[in-house]
Amino acid sequence: MKTTKKVSSRMGVVNELFGFLWARKLWWLIPMVMVLVVFGLLLVFAQASGIAPFIYTLF
């Protein structure tokens, strides 16, 4: 239950960020933010799982 609430609250923050960018007509920043989020997720998965050697070969 706790993890579900944490994930949903974080997704709310991401949705709010994208809504802000869209409302301010900063839609051109959305691809850059998405790339940063993907790299952040890659770093998290690289530290917390057994697939780290495979991710490190990408860089």
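Q: How much area does the protein chain expose, and what share do carbon and sulfur atoms supply?
A: In this predicted model, the protein chain exposes about 5400 Å². Carbon and sulfur atoms supply 75% of that area.

Q: And what percentage of the residues count as buried?
A: The figure is 10% of the 59 residues in the protein chain.

Q: OK, the fold. How many helices and strands does the protein chain have?
A: Three helices and zero strands. Along the sequence, the pattern reads α-α-α.

Q: What's the mean pLDDT of the protein chain?
A: The mean is 76. A pLDDT of 70 or more is reached by 69% of the residues.

Q: Which elements have the lowest and the highest mean pLDDT?
A: Helix α3, residues 52-56, has the lowest, at 70. Helix α2, residues 30-48, has the highest, at 81.

Q: Switching to the surface. Which residues make the nonpolar patch?
A: W22, W27, W28 and M32 make it. The patch covers about 550 Å².

Q: Let's take W22. Where does W22 lie?
A: W22 is in helix α1, which spans residues 2-23.

Q: Is W22 buried or exposed?
A: Exposed. Its relative accessibility is 58%, and the cut-off for exposed is over 50%, so W22 qualifies.

Q: What does W22 touch, leaving out residues up to four places away in sequence?
A: W22 touches W27 and I30. One of those two, W27, is also a member of the nonpolar patch with W22.

Q: New topic: K25. Where is K25 found?
A: K25 sits in the loop between α1 and α2.

Q: And what about the phi of K25?
A: The phi of K25 is positive, about 60 degrees, although K25 is not a glycine.

Q: What sign does phi have in most residues other than glycine?
A: Most of them have a negative phi.

Q: Back to that loop. Is K25 buried or exposed?
A: K25 is exposed, because its relative accessible area is 64% and exposed means over 50%.

Key. Residues are numbered from 1 along each chain as its sequence is written. This is a predicted model: local features need pLDDT of at least 70, side-chain atom pairs count only at pLDDT 80 or more; totals for chains, interfaces and linings use all residues. Side-chain values use heavy atoms; hydrogens and water are left out. Helices (H or I, at least four residues) and strands (E, at least two) are DSSP runs, numbered from the N terminus. Buried means under 20% relative accessible area, exposed over 50%, partly exposed in between (1.4 Å probe, protein chains only). Contact means heavy atoms within 4.5 Å. pLDDT is the predictor's confidence in each residue, from 0 to 100. Patches are made of residues with over 30% relative accessible area and no salt bridge: like charges are joined within 9 Å, nonpolar side chains (Val, Leu, Ile, Met, Phe, Trp, Tyr) within 5 Å. Accessible areas come from the Shrake-Rupley method with a 1.4 Å probe; for residues, only the protein chains shown count as cover. A salt bridge is a side-chain nitrogen of Lys or Arg within 4 Å of a carboxyl oxygen of Asp or Glu.
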